[in-house]
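Here are some short exercises on empty space and charged pairs in a protein model. Try each task with the structure open, then follow the solution step by step.

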Amino acid sequence: MHHRTATTPLPTPSISRRSAAARALAYGLSLVAACAAPAHAAEDPAAYPTKPITIIVGYPPGGSTDLMGRLVGVELSNRLGQPVVIENLGGAGGTIGAQKVANAAADGYTLLVGANNELAIAKLVTRNVKYSINSFTPIGLIGSQPMVLVASPKSGVKNANEFTQLVKKNPGKFSYGSSGVGTALHLAGEMVKEQGGLFMTHIPYRGVAPLTNDLVGNNLEFGVFVLSSGLPHIKAGKVIALGTTEAKRAQATPDIPALSEFPQFKNVDITSWFALMAPAHLPQPIQAKLKKALNETLASPDFRQKMSAAGSGVASPDVNMGKFLNDEIAKYTKIVQFAKIEE
């Protein structure tokens, strides 16, 4: 067998063979480039939005957060010129929906209408919550509504002073209910206890309906409702309103005193609030478009009327969201530590 040595010249390839090799190399390089390139070129943020937007609500349809999501969704769709779809992803006190948004692409097409439960409280009381407030880009506050401390007819109390006197004389005898551990309602109840120096047992319910049933049925002495949920039962005379939890009286119920009007509860100030959030690191041009659309929504007379009918006040567009969120978390941290709340 003949072996070609290192010094034996190799045959010169023909022109056609050179061309074929060049074409093969070019094709191979084009495949490499295609594989390295993203499947879809990133959208220019200045062109946003060019397709439908999804708003995730971390609760089933019909609740107060769901209502906020739907009201805001209609307004954003009208102002941004794209359909807005509501996706209800209930479970774990809103945290499943919030986690999905925290994990979503920061392109403005997945947003969250969330409440303080999942945005500011859950991380403080539940170890397995993986996201934090820094996992989101705040677009703005939508609105808020106070909670209301109520008494069952069985309790015999008619106002906050009678409530304080009764509970102080009987430490540990009475209970109050909320819609769950670590909710804003629970924290409102604990704030009342802390401010008034009261000893009561908290009973968590799986939602508002069973809590209402026990209060109306005189199986529970006291409870905390979101104002819009409690108002029908207050108006029907089934429960007695002792006071709302915001620093001032609610516009929707000027006849119900704020708890802060009573000296023992002068520092009670906690609401159930709702905010529009996006994933962290949302590009500035998209932030600006969403903020503009939200601010126009907040100024809309039609939107304000619908919010009022739902028992909610409309937020100011001037709210500094960073300071607001930090202040709220500091407030909740104090209550959680006082009550030793943990799930």
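**Exercise 1. A pair within one helix**

Task: Locate D302 and K306, and work out how they are placed in their helix.

Solution. This is a predicted model. Start with the helix: D302 and K306 both belong to α10, where four residues, about one turn of the helix, set them apart. Next, look at the side chains, which form a salt bridge with the closest N and O atoms 3.2 Å apart. Then check the surroundings. D302 is partly exposed at 39% relative accessible area, and K306 is partly exposed at 36%. To finish, note a set of salt bridges with shared partners, which joins E75, R79, K292 and E296 into one network.

**Exercise 2. A pair far apart in sequence**

Task: Find out which parts of the chain are tied together by R127 and E342.

Solution. Begin with the contact itself: the side chains of R127 and E342 meet in a salt bridge, at 2.7 Å from N to O. Now place each partner. R127 sits in the loop between α4 and β4, while E342 sits in the segment after α11, so their contact ties together parts that are 215 residues apart in sequence. Last comes accessibility. R127 has 71% relative accessibility; the cut-off for exposed is over 50%, so R127 counts as exposed. E342, at 48%, is partly exposed. For context, a search of the whole structure gives twelve salt bridges.

**Exercise 3. The cavity and a buried pair**

Task: Identify the residues that line the largest cavity, then decide whether E190 and K193 are buried or exposed.

Solution. The structure has one cavity of 30 Å³ or more, and the largest cavity holds about 40 Å³ of space. Its lining consists of L149, F163, Y176, G189, V192, K193, M200 and V224. Sorted by class, that lining has six nonpolar residues, one polar and one charged. Helix α6 (residues 184–196) gives the most to it, with three residues.

Now turn to K193, one of the lining residues. The side chains of K193 and E190 meet in a salt bridge, 3.3 Å from N to O. Both lie in helix α6 and are three residues apart, so about one helical turn separates them. For the accessibility step, buried means under 20% relative accessible area. E190 has 4%, so E190 is buried, and K193, at 11%, counts as buried too.

**Exercise 4. Two pockets side by side on paper**

Task: For the largest pocket and the second largest pocket, give the volume, then describe the lining.

Solution. Take the largest pocket first, with a volume of about 920 Å³. Its lining has 37 residues, and those nearest its centre are Y59, G93, N117, S179 and T183. Two or more lining residues come from each of α2 (64–80), α4 (116–125), α6 and β9 (271–279). Of these, α4 has the largest share, three residues. By class, the lining divides into 16 nonpolar, 19 polar and two charged residues.

The second largest pocket has a volume of about 610 Å³. It is lined by 28 residues, with S144, E246, K248, G313 and V314 nearest its centre. The elements giving two or more residues are β4 (136–151), β9, α10 (301–309), β10 (313–314) and α11 (321–339). Strand β4 provides the largest share, five residues. The class division here is eleven nonpolar, ten polar and seven charged.

Note on methods
Residues are numbered from 1 along each chain as its sequence is written. This is a predicted model: local features need pLDDT of at least 70, side-chain atom pairs count only at pLDDT 80 or more; totals for chains, interfaces and linings use all residues. Side-chain values use heavy atoms; hydrogens and water are left out. On a 1 Å grid over the protein atoms alone, a cavity is a set of points where a 1.4 Å probe fits but cannot get out, and a pocket is an open set with protein on both sides within 12 Å along at least five of seven lines; lining residues have an atom within 4 Å of a point. Grid points are joined across faces, edges and corners, and a volume is the space filled by probe spheres set on the points. Ala, Val, Leu, Ile, Met, Phe, Trp, Tyr, Cys and Pro count as nonpolar, Asp, Glu, Lys and Arg as charged, and the others, Gly among them, as polar. A salt bridge is a side-chain nitrogen of Lys or Arg within 4 Å of a carboxyl oxygen of Asp or Glu. Buried means under 20% relative accessible area, exposed over 50%, partly exposed in between (1.4 Å probe, protein chains only).
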